[in-house]
Amino acid sequence: MAMKDKTIDAAPVVQTAGMPRLHKIIFSLLLAGLIVLPFFVYPVFAMKVMCFALFAAAFNLLLGFGGLLSFGHAAYFGGASYVAAHAAKVWGLTPELSVLCGAAAAGVLGLAIGSLAIRRQGIYFAMVTLAFAQMVYFVALQAEFTGGEDGIQSVPRGDLFGLISLADNIALYFFVLVVTFGGILLLYRIVHSPFGQVLKAIRENEPRAISLGYDVNRYKLIVFTLSATMAGLAGATKSQVFQLSSLTDVHWSMSGEVVLMTLLGGMGTIFGPLVGAAMIVTMQNYLATFGAWVTVIQGVIFVIGVLVFREGIVGVLSRWLKKPL
Amino acid sequence: MFELLGVPPQVLLGQLLLGLINGSFYAVLSLGLAVIFGLLNIINFAHGALYMAGAFAAWMLLHYLGIGYWPALILAPLIVGAFGIVLERTMLSRLYHLDHLYGLLLTFGLALIIQGLFRNYYGISGLPYQIPDLLSGGHNLGFMFLPNYRAWVVAASVLVCFGTWFMIEKTRLGAYLRAATENPILVGAFGVNVPLMIMLTYGFGVALAGFAGVLAAPIYSVNPTMGEQLIIVVFAVVVIGGMGSIMGAIVTGYMLGLIEGLTRVFYPEGSAVVIFVIMAIVLMIKPEGLFGRPA
């Protein structure tokens with residue numbers, strides 16, 4: 001009996017011993033780059049990229065490592081954005097507490113929707129999550145506190161811990177940097193924990209994971225809730241950056257965008273979602289004047305990505321370097 | 001004047017009719033999804049976009065070629081079906097050996113492209129499409145006013161649904177189709193051209209969407225966004241019904257349309273979400289769907 005336990009537990013422990021050197025170097029370079037970035041790039045744009053990078057990384061936890069395609073992640077992103085905006089504007093909470101409120105609300109919503117959605121698999125799972133996200137959209141459209149078509153506007157940026165004013169873009173930038181970078185490191189830790197190893201086992205072969213004694217549904221629900229919470233953290237932070245939370249954040253096209261970012265960057269990779277998010281946000285920024293062409297281009301990237309480029313950018317790089325990225 | 005729970009019968013029946021109309025579209029669209037899913041094992045996310053394309057095809061036939069409603073009712077589904085066949089041959093057929101989720105992602109991308117293109121050329125304000133002369137006006141039934149065109153929509157959708165059900169469940173061709181759904185390799189070994197069947201099935205499924213689009217054109221204005229909200233509701237309908245049975249998809253479609261209509265009478269604020277709430281309840285009680293087979 002003791003022998004059996006050992007063999008089951010041994011594998012994850014070996015793989016989780018510390019961060020590979022390559023990953024340490026990449027994270028350090030990334031952090032160094034992000035620290036100097038606001039002095040070269042418009043900080044609000046950089047903050048938007050970081051929020052979406054966290055959103056895509058949270059989504060990737062579910063799809064890339066859990067093997068669950070949620071087509072309704074806008075519900076948690078946008079739902080948290082509304083709650084955080086409401087907390088900051090109406091309750092007058094400080095930014096860090098507002099963001100936490102938003103993330104917590106997204107977590108509760110994820111737990112509720114996730115507990116229903118995990119009753120179905122595969123494409124049904126995708127349809128169920130999409131349908132519930134649409135329900136959240138209708139609630140946001142009709143509820144009092146969300147402001148309907150107007151959304152919640154001119155959300156105050158407030159003082160961090162009640163002390164440091166975030167009205168200045170650079171100050172806010174470093175707050176967003178800490179939140180999103182911390183969130184991404186946390187996701188990295190989850191993926192490389194024993195819990196993350198079990199997730200991969202479930203993704204690869206669910207019946208086998210069940211036969212090994214894992215309560216698969218509990219793992220799925222936990223990863224769904226974690227992913228929703230982190231997506232909420234991203235959405236809540238975004239509402240502080242733009243001082244706005246609107247129907248765009250809960251719309252189904254937002255759910256599609258995060259799928260696209262992850263697909264383009266490479267699902268199941270660590271850095272793929274970050275690359276994908278940066279590329280899509282940059283593209284939207286430059287093509288904003290072309291209106292619906294942005295939608296068409298995103299559709300084309302989707303089609304090409306699915307047909308010939310399923311590994312994504314970082315996936316291909318990782319194969320060339322023969323190292324997981 | 002009798003009243004039911006404080007609601008005048010005209011209002012109640014009017015909303016029920018509206019519900020039945022919506023239910024007609026749910027039924028035809030979820031039927032198409034079920035037919036495609038049965039054989040291809042993919043969920044066609046582009047279904048809403050192709051429904052919209054059907055409405056636009058009817059509008060274009062009228063405005064550029066002067067072809068009216070009745071020929072369009074045949075031609076537009078054929079155009080949409082042919083377009084679907086091209087999509088199946090050039091793209092979808094490359095994904096059959098992969099996880100079914102890729103089919104969903106591909107068709108989602110296609111939906112974005114189709115909707116984006118129509119939005120670029122026609123804007124989002126919507127284009128009017130006249131009710132055909134034969135069906136304009138309506139009848140006073142004494143207890144309510146029944147517009148002819150709406151009665152026709154319900155009748156036409158029932159007819160198409162029944163025809164599809166009959167073809168799949170009662171004919172020799174349908175028997176091949178059901179056999180290929182169960183085991184495509186074995187059916188292929190018996191000498192049936194399965195890839196051809198898959199191609200035609202996809203074409204037929206999206207032609208149903210195109211047909212629904214033509215039916216919808218005179219009721220709702222022809223608009224590039226008309227399919228995107230609808231398809232998500234239809235997904236919920238499909239989850240509620242389960243895609244195991246053709247009849248299940250049809251019955252669930254009409255039933256949910258009626259329930260939505262009733263909700264609009266008694267609790268208007270809930271009408272947009274009632275179908276999603278029913279989906280949640282069904283997932284709790286019978287996760288495989290009302291007509292679905294346990295996985």
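**Chatting through chains A and B**

Author: Let's start with burial in this predicted model: of the 325 residues in chain A, 50% are buried.

Reader: Nice. What is the secondary structure of chain A?

Author: Chain A has 14 helices and two strands.

Reader: And how does the radius of gyration of chain A sit against a compact globule?

Author: It agrees: chain A has 19 Å, and a compact globule with 325 residues would have a value near 20 Å. The C-alpha trace of chain A spans about 60 × 45 × 40 Å along its principal axes.

Reader: What about contacts in chain A, what share comes from residues 24 or more positions apart?

Author: Of the contacts in chain A with a separation of 6 or more, 79% are between residues at least 24 positions apart.

Reader: Switching to the interface. How many residues does each chain put in?

Author: Chain A gives 34 residues and chain B gives 34 residues. On the chain B side, helix H4 (101-122), helix H9 (226-241) and helix H11 (274-285) each supply at least two residues.

Reader: Which of those gives the largest share?

Author: H4(B), with 15 residues of the side of chain B that touches chain A. By class, that side of chain B has 26 nonpolar, five polar and three charged residues.

Reader: Cool, let's stay with H4(B). How does helix H13 of chain A cross H4(B)?

Author: The axes of H13(A), residues 293-308, and H4(B) come within 7 Å and cross at roughly 155°. An angle over 145 degrees counts as roughly antiparallel, so H13(A) is roughly antiparallel to H4(B). The crossing is left-handed.

Reader: Which residues make that contact between H13(A) and H4(B)?

Author: From H13(A), they include Trp293(A), Val296(A), Gly299(A), Phe302(A) and Val306(A). From H4(B), Tyr102(B), Leu105(B), Phe108(B), Gly109(B), Ile113(B) and Asn120(B) are among them. The residues of this contact divide into 14 nonpolar, seven polar and no charged.

Reader: Now inside chain B. Where do H2(B) and H9(B) stand, oblique or roughly antiparallel?

Author: Oblique. The axes of H2(B), residues 47-65, and H9(B) come within 7 Å and cross at roughly 140°, which makes H2(B) oblique to H9(B). This crossing of H2(B) and H9(B) is right-handed.

Reader: Who's touching whom there, which residues of H2(B) and H9(B)?

Author: H2(B) brings His47(B), Gly48(B), Ala49(B), Tyr51(B), Met52(B) and Ala55(B). H9(B) brings Met226(B), Gly227(B), Glu228(B), Leu230(B) and Ile231(B). Sorted by class, the residues of the H2(B) and H9(B) contact are seven nonpolar, three polar and one charged.

Reader: I always check backbone torsions. What is phi of Phe161(A)?

Author: Phi of Phe161(A) is near 55°, a positive value in a residue other than glycine. Phe161(A) lies in the loop between strand E1 (159-160) and strand E2 (164-165) of chain A.

Reader: Is Phe161(A) buried or exposed?

Author: Exposed, because Phe161(A) has 10 C-beta neighbours inside 10 Å and the cut-off for exposed is 12 or fewer.

Reader: And Asn41(B), what is its phi and where does Asn41(B) sit?

Author: Phi of Asn41(B) is near 60°, again positive in a residue other than glycine. Asn41(B) is in the loop between helix H1 (9-40) and H2 of chain B. Asn41(B) counts as partly exposed because there are 14 C-beta neighbours inside 10 Å.

Notes:
Residues are numbered from 1 along each chain as its sequence is written. Chains are lettered from A and ligands numbered from 1 in the order in which they are written. This is a predicted model: local features need pLDDT of at least 70, side-chain atom pairs count only at pLDDT 80 or more; totals for chains, interfaces and linings use all residues. Two residues are in contact if their C-beta atoms, placed from the backbone, lie within 7 Å. Helices (H or I, at least four residues) and strands (E, at least two) are DSSP runs, numbered from the N terminus. Ala, Val, Leu, Ile, Met, Phe, Trp, Tyr, Cys and Pro count as nonpolar, Asp, Glu, Lys and Arg as charged, and the others, Gly among them, as polar. Axes are lines fitted to C-alpha atoms, for helices over the stretch in contact, and angles run from 0 to 180 degrees between N-to-C directions. Angles under 35 degrees count as roughly parallel, over 145 as roughly antiparallel, 65 to 115 as roughly perpendicular and the rest as oblique. A crossing is left-handed if the near helix is turned anticlockwise from the far one by less than a right angle, and right-handed if clockwise. The radius of gyration is taken over C-alpha atoms; the globule rule is 2.2 Å times the number of residues to the power 0.38. A residue is buried if 20 or more other C-beta atoms lie within 10 Å of its own, exposed if 12 or fewer, and partly exposed in between; C-beta atoms are placed from the backbone.
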